[in-house]
Amino acid sequence: MDDTAVVIAFWVLAILTIVSALMVALVRDLIHAVLFLILSFVGVAGLYITLSADFVAVVQVLIYAGAISVLMLFSILLTPRSARDNAPVNYSAPIASLAILLSVVLIYASVETNWAKASNDFGSTAREIGNALLDPYVLPFEVASVLLVVAMVGAIILVRPSEEAPAEGEQA
């Protein structure tokens, strides 16, 4: 494939990913937000393909665009508040401003940085990637796992009912 085509595909996918991520913050309907999030996940997978990380792209599509997105859709559809939109809380303008500012900073930093080529190649098989994650890059891997555990505990605390549910046979 021509390098110019890869560069054009990269920028088109980057713009698609950023716009869909912004739409996640701007739309009021939760279902539409999840659909834009799925589009953002697919855009990120396309970015991985343009960067020759095919295995990571497949994992991105299977886990994030597939499993986690379906889990989010089921969660929204099965909750009693799914019929309502998020109209009482309107943080769209500050979130969009922050996202645009962050995007501009990241684009400027990525364009102005003199990127060095990685010294060691991960390889392309799952075994080589797994060995790289568990040997030289074990600290970032563990930090990511701790971050995911904290996010899970936070989500559980947020959705926990504030009052004790009445026991069976008791009146509320």
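A contact here means heavy atoms within 4.5 Å. Keep that handy for the exercises below, and remember that the model is predicted.

**Exercise 1. Getting your bearings**

Work out which secondary structure elements the chain has, and how its contacts and surface add up.

Solution. Start with the elements: there are 6 helices and 0 strands, so from the N terminus the order reads α-α-α-α-α-α. Next, the burial: 15% of the 172 residues count as buried. Now take the contacts with a separation of 6 or more; 58% of these join residues 24 or more positions apart. Finally, the accessible surface is about 13,400 Å², with 71% of that belonging to carbon and sulfur atoms.

**Exercise 2. The two sides of α4**

Check the span of α4 against its residue count, then find which of its residues are buried and which are exposed.

Solution. Step one is the ruler: α4 has 21 residues, which at 1.5 Å a residue should span 30 Å, and the end C-alpha atoms are indeed 30 Å apart. Step two, list the buried residues of α4: S92, A96 and S103. They take up an arc of only 25 degrees around the axis, so they sit on the same side of α4. It helps to recall that an α-helix has 3.6 residues a turn, so residues three or four places apart point the same way. Step three, turn to the other side of α4, where P94, L98, L101, V104, Y108 and E112 are exposed. Last, ask what does the covering: α1 is among the things that cover the buried residues of α4.

**Exercise 3. A nonpolar patch**

Find the residues behind the nonpolar surface patch and say which helices supply them.

Solution. The patch is about 410 Å² and is made by V7, W11, I18, I107 and V111. Sort them by helix: α1 (3-26) and α4 (92-112) each give at least two residues, with α1 providing the largest share, 3 residues. Now zoom in on W11, which lies in α1. Its relative accessible area is 37%, so W11 is partly exposed; that label covers the range between under 20% (buried) and over 50% (exposed).

**Exercise 4. An odd phi**

Locate S52, say what is unusual about its phi, and decide whether S52 is buried or exposed.

Solution. First, the place: S52 is in the loop between α2 (30-50) and α3 (54-78). Second, the backbone: its phi is positive, about 65 degrees, although S52 is not a glycine. For comparison, most residues other than glycine have a negative phi. Third, the accessibility: at 64% relative accessibility, S52 counts as exposed, because the cut-off for that is over 50%.

Definitions and conventions:
Residues are numbered from 1 along each chain as its sequence is written. This is a predicted model: local features need pLDDT of at least 70, side-chain atom pairs count only at pLDDT 80 or more; totals for chains, interfaces and linings use all residues. Side-chain values use heavy atoms; hydrogens and water are left out. Patches are made of residues with over 30% relative accessible area and no salt bridge: like charges are joined within 9 Å, nonpolar side chains (Val, Leu, Ile, Met, Phe, Trp, Tyr) within 5 Å. Accessible areas come from the Shrake-Rupley method with a 1.4 Å probe; for residues, only the protein chains shown count as cover. A salt bridge is a side-chain nitrogen of Lys or Arg within 4 Å of a carboxyl oxygen of Asp or Glu. Helices (H or I, at least four residues) and strands (E, at least two) are DSSP runs, numbered from the N terminus. Buried means under 20% relative accessible area, exposed over 50%, partly exposed in between (1.4 Å probe, protein chains only). The expected span of a helix is 1.5 Å times one less than its number of residues. The arc is that of the directions from the helix axis to the C-beta atoms.
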